[in-house]
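Visitor: I would like to learn how to read a model of several chains. Where should we begin?

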Amino acid sequence: MYPSRFRYEAPRSVEEAIALLHQGGGEAKVLAGGQSLVPMLKLRFASPEMLVDINNLPGLDYLRVDADGTIRIGALCRHADLEKSTLLAAHQPTMAAAAPLVADPIVRNRGTLVGSLCHADPQGDWASVMIALGGHIVAQGPKGRRKIAVADLMKGPFQTVLAYDELAIEAVVPAPKGVAGGGYLKLERRVGDFATVGVAIAIETSAGSVIRAGIGLTGVGGSTINAVDAAGALLGGPLTADTIARASELAAQAAQPRSDHRGSATYKRHIVSTFVTRILTSVPDSKGKAA
Amino acid sequence: MQLDEIKIGGLGASRRRVEDNRFIRGKGNYVDDIVLPGMLHMEILRSPLAHARIKSIDTTKAWAIPGVRLVMTGETMASRNLAWMPTLSYDTQAVLATDKVRFQGQEVACVIADDPYIAKDACEAIVVEYEPLPVIVNPQQALAPGAPLIRDDKENQLDNVVFDWAVGDKDGTDRAFAAADVVSKLELHYPRSHPSPLESCGSIADFDRATSKLTVYMTTQAPHIIRAAVALVAELPEHMIRIISPDLGGGFGNKVPVYPGYVASILASILLERPVKWIEDKTGNLISTGFARDIYLHGEMALRKDGKILGVRMHTDSDHGAFFSDAQPSKFKIGLMHSTFACYDIPAAHLTARGVYTNKAPGGVAYRCSFRVTEAMFFQERMVQAAADDLGIDQAEFRRINFVRDDDFPHRTAFGFLTDSGQYGKCLDVGLEAIGYQDFLRQKAEAAKQGRLLGIGISTMTEPLGAGNSREYDILGIKMFDSAELRVHMTGKAILRTGAKSQGQGHETTWAQIVAHELGIPADDVTVEEGDTDTAPFGMGTYASRSTPVAGAAVAMVSRKIRAKARKLAAHLLEVSEEDIEWELGRFYVRSSPDRGVTIQECAMAAYSNVPDGLEPGLENNAYYDPPNLTWPFACYIATVEVDPGTGVWDVLNMVAVDDCGVRINPMIVEGQIMGGLTEAYAMASMQFITFDAEGNCVGSNFMDYLLPTAWETPGFELHEVVTPCPHHPIGAKGIGECATVGGPAAFVNAVMDAIKGIGVRNIDMPLLPDRVYEALTERHDVSGAPPVKMDDR
Amino acid sequence: MSSLFAEVPPEPASDVPVRRVTINVNGEARTAVIEPRLLLAHLLRQGFGLTGTHTGCDTTNCGVCTVLFDGTPIKSCTMLAVQADGHNILTVEGLAGASELHPVQEAFKDEHGLQCGFCTPGMMLTAKAFLETNPDPTEDEVRWALSGNLCRCTGYQNIVKSVLAAAEKLRGQAGN
């Protein structure tokens, strides 16, 4: 319940924050929403030398849509902002489905999507969603900015490819080229539980045909899983019972669950396949249900 | 004009709670809220291993941290003969480990510092060298030949068996089975659970060298027992010990035992001569303090084709962890397990019970339960449903065939308990009507045609609440009576103190209602105090639903003593003889002239200002109540569920509760107790359990893994009542705080089992996690929940 | 506030870095010198003596430490006290007006929405903030809104009733 000592800095600009991270030399941690980091400090699972609190950085709390449909989520945009967003509810079904299922309502008031991605918890919800959507983050370091696809962000459990002096400043969902569909299903035993299994699916359809598909899996591997083959099975035609069944099977194969107190590996694999089927059959225009 | 009892907050009034006035303002006074001058803070270093020899402990670095005042290890405790302490079950428990650690989370060292952050820093700086030993996490491993001996500290302990015990009529039961048409068998595990009040345990020990008095603020449900225990363990004179249990943030049985942290904080205060506060974190609470349940059943029922139960045979193996510290006051080794089947008319029954040591936390507390009654009733109702299914008889009808009849009281159960009252059939009827039983069965059949799985589960039971009677119930020899002391002031206001200790049950509200009922003093004029051993009369505390049956009875009895004295004062004031006086609520009057009377308040004034010759002044008294029997409430819980065959997830459609707890003092509070209990029942059936992996690591050591339901998952409840007054309780009340936790789980489990009936699965162990239900559905076999849980490495 | 007497440490402070923060708590500016690692819940409780804010778990699950941070419910055990510098905090002690209880407080008492009282401050603050954004909620919406706050005693049914009753009362007040 009592964190160990650390140096605390609350910079007023991104540049200052990056300079502090650089100075920290790998022993500094970024504090955004803090809803994962502070519990880890309390349990002393993490004892960084320095905390760089970015909550005072101006202009990072946005959720906006560019003219072309690109969605941009600033590093200080809270889960609750996403949950309440009418914009997501209207245009981005996968994100809209996931937002209310992240943690619990009070944690959502504080936690951030970008922070969740950087925390790289294999049981985190947003990474699957962003992988399904083909999203990326923008990271800024001493040498400037770079884009990192969320699919490439995680190196392993709680590890990312971010350099120690890089700060993720926004997450970006590319503009859809067709009609966006999809959803997020999460098996949790009670509100605030980690996902036993979570499945995020984002598809784009044009003229009845799937032109883009992404499937991300939560809680069934050492990192969030990008079920590329499963998503590929959906491309090039309408959603049918056959393509859905194929995607479900491939997604279950892509999962690398382990048995634990949340369920056996076999069970988790089955849930992946069930959820893929359920999400895809509920997509408007899906022909899956008829089968 | 006679007083309106409801208006003065008497019996039956849903009086708003007195204690809420402080709680809703944030002015509760919990242990951690108390700050004493010069107070220091203690943190505990716990063992990361489940079974290991301690090779060395190096505290040098901890001592060197600025702000550290004291570092204590088992050696420190041993120097004061405090390394071990007695448990409530005549065993011993390590305070701080000296030889080896026997469960993950065991207390190894303590640091006392200027603030808790520093104390935690210093705990981390202590270096302990362990030599790991083989680990035992279930009875099967404990009983295996060649199993490592956990309690090598005890002379003559050559294996891991704590006890081997039997009760009932073995020969009669054997005969019943020989005569049976059908024998129905069931194997179950009631998983380890934890009461987990939101407030963890803690204490502030304050030893005053000048007066030699030790005051301890403590999260305890039984302050007087603690005082006795401290006197025995710390060898301090009892009058120099004052235990104060302030507001408690829930207890549910967790706050009955004596924990090492309490003892360590006391010694620290004695050594440092300063107040020492210890507040346990949640992990510490979940991994080291009193667990509940963790017991395996092999059950058999001898049945006649027409549905009559001829006999019951049960064997239990209970896992007590590393120290046998069950908090239970009966002379029976496995508590009141043999109260099982008390609501059914069973000719013969036999129970054998074996307890074992394992490398898990000790406890065996009665979690919202009267000493293993929760397990007893769960086993009973699961066996009853299986038996009904085996016979092909409707589960409601099967119960009706076997219920003890209304005209058969008092009834001696097969195991020897005496039940005294109830209307079992009526309660079941009310429940079936409320849930729409026949309609639901039709709905279920209809749904089945579309592949939907609906189920209905019933649980009916009577349970023994309110230990005890002193013939059979004691804790370390102290008899299980309870007490009340009532002082009526001259203006007719009063203060009442009891030996019980509220932890959310609302005693400050309901005890005053009993006084109002007995004396006509408005409840608002009665202050109720509990929890301070220097002021409250000796009592055994609050657990096992004993407050109303025992302390509540004492409140009625002391009020009657006051009334008897007031009658003498009334006779004096009215200048008639006592025999000519009649009582109505709040007033004595002359029988022949009812207009001539005096109120209880006028009598109170006279007690201090106008006392007749020969009568002592004052109007105060106390009562110690030793109940003639336990109270036997009855309950019928019925749940309907739908199981999702694709995921194994199940949802509660409806939940109906019919409770007969006799006369209800405050119906609002009674209903609150029932709904709280039903929620814990749902929690245990659906998600709440503590398990262990093969290395003895506790899985469920915080609220991320030990799941308590939120408002979202918790179903709504529909409550009904039947009233059969308790024949021996002064106001006809029976215990109620635990009925729903005890009887509820089987209703949910039976409902899920009913939904998947017909595929050859007899049992899924609680909690009915989606993966377990799915496994049963698809693999068509029973699903065990016994530890160790399989945890793949990544 | 008294300037008559204040104890100071016998030696100059150690090299532990500390910070001075000013937080508006229940409408009053409170200033403290703290270590950055101090949790907000602990500053409120031990520093400012506002013990109505409780701590219940280590893992940000139980919500008994819930306070309003610039009007929004947060778990104060999961925010560093230093992060509250310059912000407004409302605790249960600030919920009632000078003379009367907040309707949420009244409703919790009237509907028996509490038993041991430990979760109650957090529940009430969550409810207050929720009803400001959703003055006429359904039962399901209330249950959803409260799902970050655990209660072990009541089974939630009466808490939900309390919030619905408070909503009705607040709507009545707003209508006047």
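**Reading the model, feature by feature**

Guide: Begin with chain C, which is divided into domain 1 (19-94) and domain 2 (103-171). Keep in mind that this is a predicted model.

Visitor: How far apart do the C-alpha centres of domain 1 and domain 2 of chain C lie?

Guide: Those centres are 21 Å apart. Next, look at the contact. On one side are 17 residues of domain 1 of chain C, and on the other 11 residues of domain 2 of chain C.

Visitor: Which elements give two or more residues to the domain 1 side?

Guide: They are β3 (66-69) and β4 (72-75) of chain C. β3(C) gives the most, three residues. By class, this side of domain 1 of chain C has eight nonpolar residues, nine polar and no charged.

Visitor: What is the mean pLDDT of chain C?

Guide: The mean is 95, and 97% of the residues in chain C reach 70 or more. For the model, ipTM is 0.97 and pTM is 0.97.

Visitor: Now the contact between chains A and B. How many residues does each chain bring?

Guide: Chain A brings 22 residues and chain B brings 28 residues. On the chain A side, the largest share is four residues, from helix α12 (residues 265-282) of chain A. That side of chain A divides into eight nonpolar, eight polar and six charged residues.

Visitor: How else is the size of an interface often given?

Guide: Often as the accessible area lost when the parts come together.

Visitor: On to chain B. How many helices and strands does it have?

Guide: Chain B has 19 helices and 34 strands. Its radius of gyration is 27 Å, close to the 28 Å that the globule rule gives for 794 residues, so chain B is as compact as a globular protein of that length. Along the principal axes, the C-alpha trace of chain B spans about 85 × 75 × 50 Å.

Visitor: What share of chain B is buried, and what share of its contacts joins residues far along the chain?

Guide: Buried residues are 62% of the 794 in chain B. Take the contacts in chain B with a separation of 6 or more: 79% are between residues 24 or more positions apart.

Visitor: How do I read a helix by its span?

Guide: Compare its end-to-end reach with the expected value. Helix α15 (residues 547-574) of chain B has 28 residues and reaches 38 Å from first C-alpha to last, close to the 40 Å expected at 1.5 Å a residue. Just after α15(B), B:Glu575 has a positive phi of about 55 degrees.

Visitor: Where else should I look for positive phi?

Guide: Check residues other than glycine. B:Asn81 has phi near 60 degrees. B:Asn81 sits in the loop between α3 (74-79) and β4 (84-86) of chain B. B:Phe371 also has a positive phi, about 60 degrees. B:Phe371 lies in the loop between β17 (348-356) and α10 (373-391) of chain B.

Visitor: Is B:Asn81 buried or exposed? And B:Phe371, buried or exposed?

Guide: Count C-beta neighbours inside 10 Å. B:Asn81 has 10, so B:Asn81 counts as exposed. B:Phe371 has 28, so B:Phe371 counts as buried.

Visitor: Last, the cis peptide bonds. What is omega from B:Met766 to B:Pro767?

Guide: Omega is near -10 degrees in that cis bond. B:Pro767 is in the loop between α18 (739-755) and α19 (770-779) of chain B. Another cis peptide bond joins B:Pro787 and B:Pro788, with omega about 5 degrees. B:Pro788 is in the segment after α19 of chain B.

Technical notes: Residues are numbered from 1 along each chain as its sequence is written. Chains are lettered from A and ligands numbered from 1 in the order in which they are written. This is a predicted model: local features need pLDDT of at least 70, side-chain atom pairs count only at pLDDT 80 or more; totals for chains, interfaces and linings use all residues. The radius of gyration is taken over C-alpha atoms; the globule rule is 2.2 Å times the number of residues to the power 0.38. A residue is buried if 20 or more other C-beta atoms lie within 10 Å of its own, exposed if 12 or fewer, and partly exposed in between; C-beta atoms are placed from the backbone. Two residues are in contact if their C-beta atoms, placed from the backbone, lie within 7 Å. pLDDT is the predictor's confidence in each residue, from 0 to 100. Ala, Val, Leu, Ile, Met, Phe, Trp, Tyr, Cys and Pro count as nonpolar, Asp, Glu, Lys and Arg as charged, and the others, Gly among them, as polar. The expected span of a helix is 1.5 Å times one less than its number of residues. Domain bounds come from an automatic or database domain assignment.
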